Amino acid sequence: MSMRIKAEGDVWRAELAEENGERVVVFFCQSTDQRPYRVVRLDPDRYSASDPPEEVQEEELRDLFEASRSMGIPRDYPTYSR
């Protein structure tokens, strides 16, 4: 997954990653380097490893962004489960 959305007045790139065996989405701000990246943990019951991440629709990507939190302590990731 490498998709872009506009949110909070900036352009963000979303990338799927794995952290300690869990799938997460990391949002990187593309329009300024003054913003910290944001992260949200994917609910394993909703997103299995076989799900094609390219199928995430823009609305769902926005929901993931809204559920994300500025990067702080890695174990403190919020979880997105709709």
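In this predicted model, the largest nonpolar core comprises 14 residues, among which I5, W12, V25, F27, L61, L64 and F65 touch the most other members. Contributions to this core come from several elements, with at least two residues supplied by each of strand 1 (2-7), strand 2 (10-19), strand 3 (22-29), strand 4 (38-42) and helix 1 (58-67). The surroundings of F65 illustrate how such elements meet: when residues up to four places away in sequence are not counted, F65 touches I5, A7, E8, W12, F27 and R38.

Aromatic pairing was examined next, and a search of the whole structure finds 3 aromatic pairs. In one of them, the ring centres of F27 and F65 lie 5.2 Å apart and the ring planes stand at 90°, so the arrangement is edge-to-face. This pair links distant parts of the chain, F27 belonging to strand 3 and F65 to helix 1, with their positions 38 residues apart in sequence. Both F27 and F65 are buried. A further pair is formed by F28 and Y37, whose rings are tilted, with a centre-to-centre distance of 5.7 Å and an angle of 35° between the planes. F28 counts as partly exposed because its relative accessibility is 27%, and Y37 is likewise classed as partly exposed, with a relative accessibility of 36%. W12, F27 and F65 together make up one aromatic cluster, and W12, F27 and F65 also belong to the core residues that touch the most other members. The ring of F65 is additionally approached by a charged side chain, since R38 lies over its face at 4.5 Å from the ring centre.

Charged side chains were then considered, and a search of the whole structure finds 6 salt bridges. R35 pairs with E8, the closest N and O atoms of this salt bridge being 2.4 Å apart. Because R35 is located in the loop between strand 3 and strand 4, whereas E8 is located in the loop between strand 1 and strand 2, this pair ties together parts of the chain that are 27 residues apart in sequence. R35 has a relative accessible area of 29% and is therefore partly exposed, and E8, at 46% relative accessibility, also counts as partly exposed. R35 forms a salt bridge with D10 as well, at an N to O distance of 2.6 Å. Here D10 lies in strand 2 and R35 in the loop between strand 3 and strand 4, so that parts 25 residues apart in sequence are tied together. D10 is buried, with a relative accessible area of 12%, which places this residue under the 20% limit for burial.

These interactions form part of a wider arrangement, in that E8, D10, R35 and R38 are linked in a network of salt bridges. Two members of this network, E8 and R38, are also among the residues that F65 touches, and R38 is the residue that lies over the face of the F65 ring.

Within helix 1, the side chains of R62 and E58 meet in a salt bridge with an N to O distance of 2.9 Å. R62 and E58 are 4 residues apart in this helix and are therefore separated by about one helical turn. R62 is partly exposed, with a relative accessible area of 31%, and E58 counts as partly exposed at 47% relative accessibility.

Technical notes
Residues numbered from 1 in each chain as written. Predicted model: local features only at pLDDT ≥ 70, side-chain atom pairs only at ≥ 80, totals over all residues. Heavy atoms only, no water. Core = buried A, V, L, I, M, F, W, Y, C linked by side-chain atoms within 4.5 Å. Buried < 20%, exposed > 50% of the residue type's maximum accessible area, 1.4 Å probe, protein only. Contact = heavy atoms within 4.5 Å. Phe/Tyr/Trp six-rings, centres within 6.5 Å; stacked < 30°, edge-to-face > 60°. Lys NZ or Arg CZ within 6 Å of the ring centre and 35° of its normal. Salt bridge = Lys/Arg side-chain N within 4 Å of Asp/Glu carboxyl O.
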